[in-house]
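Let's take a friendly walk through this structure, strand by strand. Keep the sequence and the 3D view open as you read.

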Amino acid sequence: MGFETTQLGDDVDAIAPDGSEIRLLGARPGGTFAHCTLPPGATSLAVRHRTVEEIWYVLSGEGEVWRARDGQEEVTRVAAGTALTIPLGTHFQFRTTGDEALRFVLSTMPTWPGEDEAVRVDDHWPVKS
């Protein structure tokens, strides 16, 4: 596999199973790197992953992330500079709380396997239709 260079663009590469916009930034055999956007006033769908875990780093916007796993549950306020993990099997949901979109980069390990990876779970927050 050769060198890879990507420029973040306006076009959305995919809509994540949770409803957020994904722009792919790179992939290697051990993982995927992407940019994620959740518009102002939006709440994602709650999901859990079957085989991958993630690390997120917030670039801009403000929001909250709900995570629950093995009897532990918390809501974390996030803003530019916040990093967090989504361990394997964690139920999670996120939402914007400010006037601008929540934007973050994320690393998925191992590489994102496809549409069947995310499993829908009960929402922590109601999702607007």
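Two strands are said to pair if DSSP finds at least two bridges between them. With that in hand, take Val65, which stands opposite Phe94 in β9. This is a predicted model, and every value below is computed from it.

Stay with that pair of strands for a moment. β6 and β9 are antiparallel partners joined by six bridges. On β6 there is also a pairing with β7: eight bridges join the two, again running antiparallel. One of these places Glu62 with Ala79 of β7 as its bridge partner. How much of β6 is buried? Six of its eight residues are buried, so β6 is largely enclosed by the rest of the structure.

The turn from β6 (62-69) to β7 (72-79) holds Asp70. In this hairpin, two residues lie between the strands, and Asp70 takes a positive phi near 50°. Asp70 is a residue other than glycine, and its phi is positive all the same. Is Asp70 buried or exposed? Asp70 is exposed, with a relative accessible area of 71%.

Now go to His91, which sits in strand β9. His91 is partly exposed, its relative accessible area being 29%. In sequence, His91 and Ala68 are 23 residues apart, yet their C-alpha atoms are 5.1 Å apart in space. Ala68 is one of the residues in contact with His91 once neighbours within four places in sequence are left aside; the others are Val47, Arg48, Trp66, Arg67 and Val121.

Next, find the open sheet. Six strands form it in the order β1-β2-β3-β10-β5-β8, with antiparallel pairing. β1 (14-15) and β8 (83-86) stand at the edges with a single partner strand each, so one side of each has no neighbour in the sheet. As a reminder, strands of a sheet pair through backbone hydrogen bonds, either parallel or antiparallel. For β1, the partner is β2 (residues 21-28), and two bridges hold the antiparallel pairing. Here Ile15 has Glu21 of β2 as its bridge partner.

What lies inside? In soluble globular proteins, nonpolar side chains tend to be buried together. In this model, the largest nonpolar core has 19 residues, and Trp56, Phe94, Leu102 and Phe104 have the most contacts inside it. The elements that give two or more residues to this core are β3, β5, β8, β9 and β10. Follow Trp56 outward: leaving out residues up to four places away in sequence, Trp56 touches a set that includes Val65, Leu84, Ile86, Phe94 and Phe104. So the Val65 and Phe94 that stand opposite each other are both among the residues that Trp56 touches. A second, separate core has five residues, among them Ala46, Trp66, Ala68 and Trp125.Turn now to the largest pocket, which holds about 350 Å³ of space. Its lining has 24 residues, and nearest the centre lie Ala16, Pro17, Ile22, Glu54 and Trp112. The elements that give two or more residues to this lining include β1, β2 and β3 (31-38), together with β9 (91-96) and β10 (102-109). By type, the lining divides into 16 nonpolar, five polar and three charged residues.

One last stop is the loop between β10 and β11 (118-120), where Pro110 is placed. The peptide bond from Met109 to Pro110 is cis, with omega near -10°.

Terms used:
Residues numbered from 1 in each chain as written. Predicted model: local features only at pLDDT ≥ 70, side-chain atom pairs only at ≥ 80, totals over all residues. Heavy atoms only, no water. Helix = DSSP H or I, 4+ residues; strand = E, 2+ residues; numbered from the N terminus. 1 Å grid on protein atoms, 1.4 Å probe; cavity = no way out; pocket = protein on both sides within 12 Å on 5 of 7 lines; lining within 4 Å. Points joined across faces, edges and corners; volume = space filled by probe spheres on them. Nonpolar A, V, L, I, M, F, W, Y, C, P; charged D, E, K, R; others polar. Core = buried A, V, L, I, M, F, W, Y, C linked by side-chain atoms within 4.5 Å. Buried < 20%, exposed > 50% of the residue type's maximum accessible area, 1.4 Å probe, protein only. Contact = heavy atoms within 4.5 Å.
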